[in-house]
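Subject: Structure handover

Hello,

Here is the structure I promised to pass on. Please open it first, then read my notes below.

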Amino acid sequence: MSAKTAVATADNGFYTKLEQGRFGLTTIGMTLQSCLSAVAVNYLLQLENDKDLIPLILLAMITMASNAFIIAQMSMKLIFNTFVLSIISATAFLIYALLSM
């Protein structure tokens, strides 16, 4: 078995396990990423500079895309990737807002 095939098999196994727990994992994930994004948005809104609306808009778009993919029951690969993107961006913008205060 080549290395590329081994990675594809491991990757497929990961998303298969996610698919088995789809409804529980997506519920927990949606709650977690929405709450984290809401905290980040709260701190971004406390910054009184107009240029700080750009991160707020980006964060809202990423979070809503992730929520929409969960509600639409898209593939677990797409849901997982947007969930990770949402968590990373919310954390980054939260750190940015806290450092800018």
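Start with R22, which is buried, at a relative accessible area of 10%. The cut-off for buried is under 20%, so R22 falls inside it. Please keep in mind that this is a predicted model.

**The salt bridge**

What does the side chain of R22 meet? It meets the side chain of E19 in a salt bridge, at 2.9 Å from N to O. The structure holds one salt bridge. E19 is partly exposed, with a relative accessible area of 39%. As background, side chains of opposite charge can pair when their charged atoms come close.

**Helices α2 and α4**

Helix α2 covers residues 22-46. It has 25 residues, and at 1.5 Å a residue it should span 36 Å. Its end C-alpha atoms are 36 Å apart, so the two values agree. Which residues of α2 are buried? They are R22, T26, G29, Q33, S37, A40 and L44.

Helix α4 covers residues 76-100. This helix also has 25 residues and an expected span of 36 Å. The distance between its end C-alpha atoms is 36 Å, which agrees. Its buried residues are M76, I79, T82, S86, S89, A90, F93, L94 and A97.

**The cores**

The largest nonpolar core has nine residues: A40, L44, L47, L56, L59, A90, F93, L94 and A97. Helices α2, α3 and α4 each supply at least two residues of this core. Which helix gives the most? That is α4, with four residues. Apart from this core lies another, of five residues, including Y15, I70, M76 and I79. In soluble globular proteins, nonpolar side chains tend to be buried together.

L59 is a good residue to click on in the largest core. Not counting residues up to four places away in sequence, L59 touches S37, A40, V41, L44, S89, A90 and F93.

**Helix α3: inside**

Helix α3 runs over residues 53-71. Two of its buried residues deserve a look.

S66 sits in α3. Is S66 buried or exposed? It counts as buried, because its relative accessibility is 0%. Beyond its neighbours within four places in sequence, S66 is in contact with Q33, T82, F83 and S86.

N67 is also in helix α3. N67 is buried, at a relative accessible area of 8%. Leaving aside neighbours within four places in sequence, its contacts are M30, Q33 and S34. N67 and Q33 are 34 residues apart in sequence. Their C-alpha atoms are 8.9 Å apart in space. Q33 itself is among the buried residues of α2.

**Helix α3: outside**

Now turn to the surface. L45, L53, I57 and M61 form a nonpolar patch there. Together they have about 410 Å² of accessible area. Where does the largest share of the patch come from? Helix α3 provides it, with three residues. M61 has its place in α3. This residue is exposed, with a relative accessible area of 54%. The cut-off for exposed is over 50%, so M61 passes it.

**The loop after α3**

Q73 is found in the loop between α3 and α4. What stands out about its backbone? Q73 has a positive phi, about 55 degrees, although it is not a glycine. Most residues other than glycine have a negative phi, and most peptide bonds are trans.

**Two more stops on α4**

I88 lies in helix α4. With 54% relative accessibility, I88 counts as exposed. I88 and S37 are 51 residues apart along the chain. Their C-alpha atoms are separated by 10.0 Å. S37 is one of the buried residues of α2.

A92 is in α4 too. A92 counts as partly exposed, at 41% relative accessibility. Its C-alpha atom is separated by 9.8 Å from that of P55. Along the chain, A92 and P55 are 37 residues apart.

**Where to look**

For a short tour, begin at the salt bridge of R22 and E19. Go on to the nine-residue core. Then see S66 and its contacts, including Q33 and T82. Finish at the patch of L45, L53, I57 and M61.

Best wishes

Note on methods. Residues numbered from 1 in each chain as written. Predicted model: local features only at pLDDT ≥ 70, side-chain atom pairs only at ≥ 80, totals over all residues. Heavy atoms only, no water. Expected span 1.5 Å × (residues − 1). Buried < 20%, exposed > 50% of the residue type's maximum accessible area, 1.4 Å probe, protein only. Patch = residues over 30% accessible without salt bridge, like charges linked within 9 Å, V, L, I, M, F, W, Y side chains within 5 Å. Areas by Shrake-Rupley, 256 points an atom, 1.4 Å probe, with all protein chains shown as cover. Salt bridge = Lys/Arg side-chain N within 4 Å of Asp/Glu carboxyl O. Contact = heavy atoms within 4.5 Å. Core = buried A, V, L, I, M, F, W, Y, C linked by side-chain atoms within 4.5 Å.
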